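The following exercises are to be worked with the sequence and the coordinates at hand. Each task is followed by a solution in steps.

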Amino acid sequence: MIVSWKWLQRYINLDQLTDAQVAERLSLSGLNHESTQVLAGDWAIDLEVTSNRPDCLAHIGVAREVGVLFDRPLQVPNPQPQATGPAIESLTSVTVECPELCPRYTARLIRGVKIGPSPAWLQELLANATGDPTQFKSINNVADITNFVMLECGQPLHAFDFDRLHGQRIVVRPARDAEVLEAIDHKSYTLQAGMCVIADADRPVALAGIMGGAATEITEQTVNVLIESAEFAPGSVRNTSRRLKLASDSSYRFERTIDPIGTDWASLRCCQLIIEHCGGQLCAGVIDHGGAKAERTPIRFRLDQIARILGIEIAPAKVRRILEALGVKIDEGNGTVVGIWSATPPSWRRDLTREADLVEEVARIHGYDKIPEDHAVPMAVSRTTPVDISSQRVRSVLTAAGLSEALSPSLVPSVLSELYSPWSDRPTMATLQPMLGVLDTKFWNNAGPVDCVRRSLIPSLLELRRINEFRHHLPIELFEIAKVYLPGDSFPVEPTMIGVCSGRSLLDMKSVMAEVFGTIRRGLEVQVDVVSDSFFAPGRGLRYRIGDQLLGLMGEISRSTQKKMKLRQTCVVGEFFQEALVRNLQVIPQAQRQSLYPAIERDLNFILETKVRWADLESTVRATGGVLLEQVAYRETYIDAKRDGEGKKRVLLTITLRSLDETLTGKQADEICQRVVSACEEKCGAKLVTG
Amino acid sequence: MSLPDFIAQLESLGTDAERAFADAQTAEQLEAARIEFLGAKAGRLKSVQKLLGSISVADKPAAGKRLNEVKSAIESGFQTATERLENVVEEVVDETFDATLPGATWTTGRVHPITQTILLLKDIMGRLGFTPVEGPEIEDSWHNFDALNVPTIHPARDPLDNFYLASAAVWGSGSSSGADMLRSQTSTVQIRTMQQQQPPLRIISLGRVYRPDTADETHYPMFHQMEGLMVDRGVTMADLKTVLRLFATAYLGNSVPVRFRPSFFPFTEPSVEVDYYWNGRWVEFGGAGMVDPNVFLSVGYDPEHVTGFAFGLGVERLCMIRHGIRDIRDLYTNDVRFLAQF
């Protein structure tokens with residue numbers, strides 16, 4: 001809302017005040033000051049008006065605030081135009097077919113006006129209130145006056161050329177589907193059933209509360225003028241405005257509600273100014289459908305609530321002065337109940353309905369700066385949650401391993417959503433609105449809208465990899481910790497996942513993840529199975545478990561995945577359930593006793609079938625090694641078909657043996673090795689190479 | 001031979017030997033010195049020792065005592081020199097080695113700047129006694145709007161301003177308790193927490209929120225918010241101002257001016273906007289207010305018994321100012337060069 005300093009002075013004495021002083025106080029009482037334009041002999045002050053304060057979308061409303069803040073009286077005009085014409089009912093009629101869309105409709109008629117330019121003072125105020133007078137275009141005296149009254153009191157008005165209304169009457173009704181209206185912006189709008197229109201006997205002549213129609217607008221030929229001052233339902237105005245993509249100063253105010261009592265005042269004020277500046281004869285009476293709203297309900301206001309909410313005491317006399325200056329009527333009762341008032345808010349403050357609303361009014365005028373900000377707030381402990389602890393451990397290992405954290409949008413196009421969904425077979429959930437401007441559309445020209453709520457982080461991470469590859473930024477080592485959304489019966493399940501994407505080898509990434517799991521709980525036993533999943537290269541997809549709990553997946557992508565994502569290089573991707581880690585989190589790591597005795601290491605060189613997996617060999621060694629087995633370390637695999645035959649390999653491993661209580665003897669070590677070798681031969685067909 | 005002459009010879013022998021052993025730089029030099037001074041046949045000590053016979057009987061004890069002292073000093077000098085030379089290791093000179101060459105590339109990854117900002121916010125609020133809570137991102141319209149005192153026909157519910165699900169029960173008006181939308185604010189978590197816990201409460205919730213702005217330099221359809229809530233008996237606006245002042249001081253530093261001005265949010269009454277003065281102008285820091293009694297009623301708290309305050313702020317703006325990031329889209333493009341900066 002742009003306020004002209006000069007205009008404000010019509011209602012309040014601003015002597016001895018500067019624009020900066022006023023703007024500052026308004027900012028600190030709820031009308032945030034955006035900027036001030038210095039104009040010839042005036043200031044245009046731009047104020048941000050929150051949606052609960054439509055009364056301040058007008059100069060009188062702002063003047064009232066200034067009056068309360070600086071303790072100066074407000075003078076509001078009292079329009080009493082003389083009606084010298086015949087009764088309005090004898091000349092026209094108004095029918096309201098949809099009172100739910102139009103709670104009140106008033107019409108007055110002025111005959112014999114002379115259309116011409118507006119007086120200079122009016123043009124100047126209207127121009128200054130745009131903030132940029134050079135851009136202002138005066139329309140004509142009648143149209144300018146309706147705009148003036150709107151900017152004066154906040155009630156939008158419309159003036160019809162009465163003679164061009166078919167049947168000389170007004171019908172407020174829902175639009176019929178596909179009716180067309182040419183508005184005064186000279187664009188045609190196709191209406192939809194249910195929109196509220198002002199019609200004459202035959203056709204719509206205005207979009208209720210939004211814009212008038214071209215057919216009945218005021219022109220130089222206009223002689224008789226019908227003045228509409230009405231109240232339209234905010235939701236209806238908003239929906240129509242949105243659907244037609246047509247907003248106006250009028251719709252802006254109706255959407256925020258107008259002063260229901262002020263409707264008639266605005267009509268009178270408008271008529272008074274028209275008679276004064278355009279001549280003409282006002283017809284007697286008014287057509288008023290709906291009438292003024294009933295009186296406001298008084299609010300029970302307990303004064304002790306001020307201290308209870310604000311933390312400071314404010315003298316009752318001051319409270320009373322503030323509220324009364326804002327237009328609230330105070331009744332302190334008959335004195336039997338001290339400290340409880342009956343407070344009736346003014347019609348233009350529909351936002352005031354409860355005690356809490358009055359406390360806020362008192363607080364903002366008294367000044368938030370009067371409330372201390374060095375109060376003794378009681379101390380309280382807070383704690384770091386297990387989720388945060390585990391996330392921090394995951395992040396510290398992954399960043400130490402060279403992976404950087406990425407954050408990517410939760411919505412993806414269907415092409416990415418369908419690329420891979422390891423955790424849900426149900427169709428992805430879609431949003432009505434897509435995300436705009438988040439997709440590399442140069443690459444994804446047929447990806448469709450970004451409206452799928454993602455079920456996995458893996459497609460997103462592959463997309464990030466593709467973008468970075470395209471920009472030639474290597475290496476690309478990324479992880480993301482974020483939710484995925486797995487469709488459920490009513491609400492989706494939203495597990496938080498840890499996604500990784502790396503250019504290093506699958507085995508190297510396995511080691512990184514093993515370190516991650518080790519920081520969650522030292523010695524956490526994680527099982528890894530090779531899975532058959534065409535998203536991954538054959539034999540290179542792994543499923544992770546902790547006992548029966550699913551932990552996640554990781555693997556090297558298959559060639560077809562690589563091709564679909566147009567990746568130049570293969571990569572490893574993985575995704576793990578954070579909750580599985582949180583469930584196994586050891587919040588406080590516990591010290592274990594370390595042996596002070598020397599270890600004995602033995603190398604075991606086995607010949608076995610190529611198809612035997614290390615995991616089986618290792619678990620056999622571990623199962624038979626007993627308590628003295630400290631470590632099983634893989635050394636290398638060696639394949640020599642000539643020496644060992646087709647389909648055979650040699651695997652060298654080292655076992656470390658150590659006791660907590662004594663120095664082991666060679667004999668003890670030999671016995672353990674013997675057991676291990678026998679078990680490996682029996683379970684895995686492994687033959688020990690000797691000599 | 002007179003005693004003084006004998007003593008003089010002894011002293012000079014001792015001094016010579018001490019210097020010779022100290023000066024020896026190689027095992028060969030030390031061996032030569034050993035033979036010179038301690039040689040069994042022709043060593044100088046031996047020669048001086050032989051002169052003892054020519055000392056008078058009366059002087060002999062004194063001469064013998066001195067001889068033994070010098071002898072042991074020479075022997076210990078030799079011992080010290082031997083140990084010193086044994087510890088000498090010859091250094092290998094390798095002119096092909098260039099210590100100015102770089103080593104193998106070794107990089108750590110970085111935590112995303114948004115996460116770093118979130119961790120900082122959690123840290124500051126943690127010190128003020130606020131514990132993080134989490135909630136779902138896919139919400140029903142009741143938690144996202146109704147419980148927060150947003151009227152059924154409020155513009156904030158507009159389908160164009162929210163990510164409603166295609167399967168939602170309501171789009172734009174009305175209330176439902178089914179999966180309707182991606183949450184538009186983290187305040188939903190306040191409601192869920194209050195439904196589950198009784199006061200006193202001191203919580204923060206941080207996370208992703210969604211509004212369908214087209215992505216540009218300053219907008220992104222997904223962003224992060226921090227929401228805080230404190231509820232107890234006797235919580236006042238003085239508590240609100242004090243906590244937010246402490247928070248602002250911790251985040252921005254002591255010298256940054258902060259102001260509190262009235263604003264409007266459906267879920268707080270009175271409502272506050274907090275600004276800080278930065279580069280010559282007031283910048284919005286976040287919104288706050290005393291919890292609206294209707295919000296308490298919607299979760300079954302009695303507004304006559306408890307009061308509370310809530311605040312919320314956008315993480316992106318704080319993060320961008322902190323790190324000098326000019327385009328919000330950079331945060332979500334995840335260019336590895338961008339990420340490596342933090």
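Two strands are taken to pair if DSSP finds at least two bridges between them. The model is predicted, and the predictor gives the complex an ipTM of 0.89 and a pTM of 0.87.

**Exercise 1. Partners of a strand**

Identify the strands of chain A that are joined by bridges to β6(A), residues 104-111, and state the sense of each pairing.

Solution.
1. Begin with β14(A), residues 225-231: seven bridges connect this strand to β6(A), and the sense is antiparallel. Within this pairing, Ala107(A) has Glu228(A) as its bridge partner.
2. Continue with β16(A), residues 287-289, which is antiparallel to β6(A) and joined to it by three bridges. Here Ile287(A) is the residue opposite Ala107(A).
3. Finish with β15(A), residues 281-284, where two bridges are found, again in an antiparallel arrangement. Gln281(A) of β15(A) stands opposite Arg111(A).

**Exercise 2. The setting of the strand**

Determine how many of the eight residues of β6(A) are buried, and what follows for the strand.

Solution.
1. A residue counts as buried if 20 or more other C-beta atoms lie within 10 Å of its own.
2. Seven of the eight residues of β6(A) are buried.
3. The strand is therefore largely enclosed by the rest of the structure.

**Exercise 3. The faces of a helix**

Establish which residues of α1(B), residues 3-23, are buried and which are exposed, and where the buried ones lie around the axis.

Solution.
1. Consider the length: α1(B) has 21 residues and reaches 30 Å from its first C-alpha to its last, close to the 30 Å expected at 1.5 Å a residue.
2. List the buried residues: Phe6(B), Leu10(B), Leu13(B), Gly14(B), Ala17(B), Ala20(B) and Phe21(B). Viewed down the axis of α1(B), they fall within an arc of 140 degrees, so they line one face of the helix.
3. Recall the general rule: an α-helix has 3.6 residues a turn, so residues three or four places apart point the same way.
4. Turn to the other side of α1(B), where the exposed residues include Pro4(B), Asp5(B), Glu11(B), Arg19(B) and Asp23(B).
5. Find the packing partners: the buried residues of α1(B) pack against α2 (27-38), α3 (44-50) and α4 (60-86) of chain B.
6. Check the confidence: chain B averages a pLDDT of 92, and 100% of the residues score at least 70.

**Exercise 4. Domains of chain A**

State how far apart the C-alpha centres of domain 2 and domain 5 of chain A lie.

Solution.
1. Locate the two domains: domain 2 covers 83-289 and domain 5 covers 600-688 of chain A.
2. Their C-alpha centres are 94 Å apart.

How values were computed: Residues numbered from 1 in each chain as written. Chains lettered and ligands numbered in written order. Predicted model: local features only at pLDDT ≥ 70, side-chain atom pairs only at ≥ 80, totals over all residues. Helix = DSSP H or I, 4+ residues; strand = E, 2+ residues; numbered from the N terminus. Expected span 1.5 Å × (residues − 1). Buried ≥ 20, exposed ≤ 12 C-beta atoms within 10 Å, placed from the backbone. Arc of directions from axis to C-beta. Contact = placed C-beta atoms within 7 Å. Domains from an automatic or database assignment. pLDDT = per-residue confidence, 0-100.
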